[in-house]
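This report was prepared for a reader who wants to set up calculations from the coordinates and would like the ligand surroundings, the domain arrangement and the backbone peculiarities described in turn. The sequence and the structure are shown first.

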Amino acid sequence: MSFFLVHVTHQFHTPHSSLLIHIMNNVFVYCETEGPNVLEVSQELLTKGRKLADKLGVDLHAIVAGSGIKGKVETQILPYGVDKLFVFEGNGLSPYTSAPHTDILVNLFKEERPQICLLGATVIGRDLGPRVSSSLTSGLTADCTQLEIGDYDEKKTGKHYDNLLYQIRPAFGGNIVATIVNPDHRPQMATVRSGVMQKALYEGQAKGEVVYPDVAKYVPEADYVVKVIDRHVEAAKHNLKGSPIVVAGGYGVGSKEGFELLFQLAKELHGEVGASRAAVDAGWADHDRQIGQTGVTVHPKVYIACGISGQIQHIAGMQDSGIIISINSDPDAPINKIADYVINGTVEEVVPKLIKYYKQNSK
Ligand SMILES: Cc1cc2nc3c(=O)[nH]c(=O)nc-3n(C[C@H](O)[C@H](O)[C@H](O)COP(=O)(O)OP(=O)(O)OC[C@H]3O[C@@H](n4cnc5c(N)ncnc54)[C@H](O)[C@@H]3O)c2cc1C
């Protein structure tokens with residue numbers, strides 16, 4: 001893996017944003033809701049945001065906006081170590097539309113001047129993040145896989161920066177890992193996909209203050225011009241992200257029928273089936289089962305990789321699994337280097353035996 005530093009100062013330089021840089025304030029997380037429920041990706045980001053805030057010695061603030069959320073979202077957000085929660089409750093804020101939510105963040109950030117803002121890399125986060133970032137002429141890195149705090153020396157000017165947000169993500173087709181910094185403009189903004197960070201209730205003492213700002217002060221009437229008439233949300237077909245056991249198939253599985261074997265094994269183990277991109281592209285597994293840089297990220301207790309070579313783009317989505325078992329006909333397959341157990345053999349030969357012996361031994 002290479003290490004690479006890019007900075008985005010000059011792209012976004014304006015007199016307005018240089019005003020913002022001297023006031024280094026708190027870390028903010030935008031929390032998304034579905035009805036009265038706060039999304040897991042937001043809770044994952046709160047856990048990460050708390051760590052960043054602790055490292056910087058600042059507060060963690062959260063924002064949530066919607067209709068009918070007051071009194072329902074607070075207990076889903078505060079336990080993740082939030083010092084101050086801004087609940088924007090009002091008609092027209094759910095379902096999400098771009099203009100009101102953008103103005104809430106933009107106008108609140110003009111008052112609060114955060115140094116960092118994190119959002120989920122969801123449909124909403126991908127719409128909202130760039131709008132807010134461009135209004136405030138800051139910078140934004142999409143789909144970060146890691147976020148850390150560190151210093152930065154600008155080679156050209158010799159200027160030193162303390163405590164910037166390292167926005168780390170795969171770049172150039174995933175062949176390098178880029179660390180992107182935004183030295184001069186605030187907030188430093190990043191989106192992160194669901195499942196990449198791990199949520200955990202905060203064990204320290206956070207202030208836990210909740211405020212309910214007057215929405216009309218932040219959102220002009222004209223923002224409500226777009227009305228959502230009908231909305232259809234499809235329920236997830238499987239629980240790949242939350243499953244403790246994942247049986248994942250790659251191009252080495254050889255066919256759609258070969259994947260049936262993986263479904264049988266997953267059923268026996270009470271797990272879920274995942275796939276590499278090569279297997280998805282071949283039409284052997286649905287796209288929503290793809291694991292990796294452009295698919296989902298999983299953290300199961302056991303990950304069984306069947307006929308997967310282990311390219312960096314795949315590994316990005318499963319490397320934090322508890323135990324990795326690789327079944328591969330090539331003893332030198334790259335995935336074997338990160339595997340805890342390697343079974344050298346073909347999927348056709350090994351998987352039926354696993355099913356047979358698991359059935360026998362669990363009687
Ligand atoms: C921008 C970008 C994003 C990408 N995003 C992703 C992503 O999110 N997820 C992802 O998975 N990939 C992604 N890729 C593709 C990635 O680079 C690889 O091409 C892909 O992961 C390879 O899939 P594979 O390991 O199944 O196939 P292969 O690389 O073809 O490997 C097949 C493996 O199966 C073994 N094998 C063959 N026959 C058998 C058998 N009968 N029994 C057992 N083993 C056998 C072989 O030894 C080999 O190790 C991305 C690529 C790019 C450029």
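The text below treats the ligand site, then the two domains, and then some local backbone features.

**Ligand site**

The model is predicted, and the contacts described here are computed from its atoms. There are 27 residues around the ligand, and those that come nearest are Tyr251, Ser276, Thr294, Ser309 and Gln313. By residue class, the shell around the ligand divides into 6 nonpolar, 18 polar and 3 charged residues. Gln313, one of the residues that come nearest, also takes part in a polar pair through an N or O atom of its side chain, which lies 2.7 Å from an oxygen atom of the ligand. Two further pairs involve polar backbone atoms, one of Gln293 and one of Ser329; the three pairs are set out in the table.

| Ligand atom | Protein partner | Distance |
|---|---|---|
| oxygen | Gln293, polar backbone atom | 3.0 Å |
| oxygen | Gln313, N or O atom in the side chain | 2.7 Å |
| nitrogen | Ser329, polar backbone atom | 3.3 Å |

On its own the ligand has 990 Å² of accessible area, and the protein covers 75% of that area. The elements that give two or more residues to the shell are helix H7 (277–281), helix H8 (312–315) and helix H9 (347–361).

**Domain arrangement**

The domain assignment of the protein chain gives domain 1, with residues 5–225, and domain 2, with residues 245–357. Taken over C-alpha atoms, the centres of domain 1 and domain 2 are separated by 34 Å, and the contact between them takes 10 residues from domain 1 and 7 residues from domain 2. The area buried between domain 1 and domain 2 is about 700 Å², and carbon and sulfur atoms give 41% of it.

**Local backbone features**

Two cis peptide bonds deserve a mention here. Ser94 and Pro95 are joined by a cis peptide bond whose omega is about -5°, and Pro95 is found in the loop between strand E6 (84–89) and helix H4 (98–112). Arg186 and Pro187 are likewise joined by a cis peptide bond, with omega about 0°, and Pro187 is found in the loop between strand E11 (176–181) and strand E12 (188–192). Asn163, although it is not a glycine, has a positive phi of about 50°, and this residue is found in strand E10, which comprises residues 160–171.

Note on methods. Residues are numbered from 1 along each chain as its sequence is written. This is a predicted model: local features need pLDDT of at least 70, side-chain atom pairs count only at pLDDT 80 or more; totals for chains, interfaces and linings use all residues. Side-chain values use heavy atoms; hydrogens and water are left out. A residue is near a molecule or strand if one of its heavy atoms lies within 4 Å of it. A polar contact is a pair of N or O atoms within 3.5 Å; within protein, one must be able to donate a hydrogen and the other to accept it, and residues adjacent in sequence count only if both atoms are side-chain atoms. Accessible areas come from the Shrake-Rupley method with a 1.4 Å probe; for residues, only the protein chains shown count as cover. Helices (H or I, at least four residues) and strands (E, at least two) are DSSP runs, numbered from the N terminus. Ala, Val, Leu, Ile, Met, Phe, Trp, Tyr, Cys and Pro count as nonpolar, Asp, Glu, Lys and Arg as charged, and the others, Gly among them, as polar. Domain bounds come from an automatic or database domain assignment. Contact means heavy atoms within 4.5 Å. Buried area is the accessible area (1.4 Å probe) that two parts lose on being put together, summed over both.
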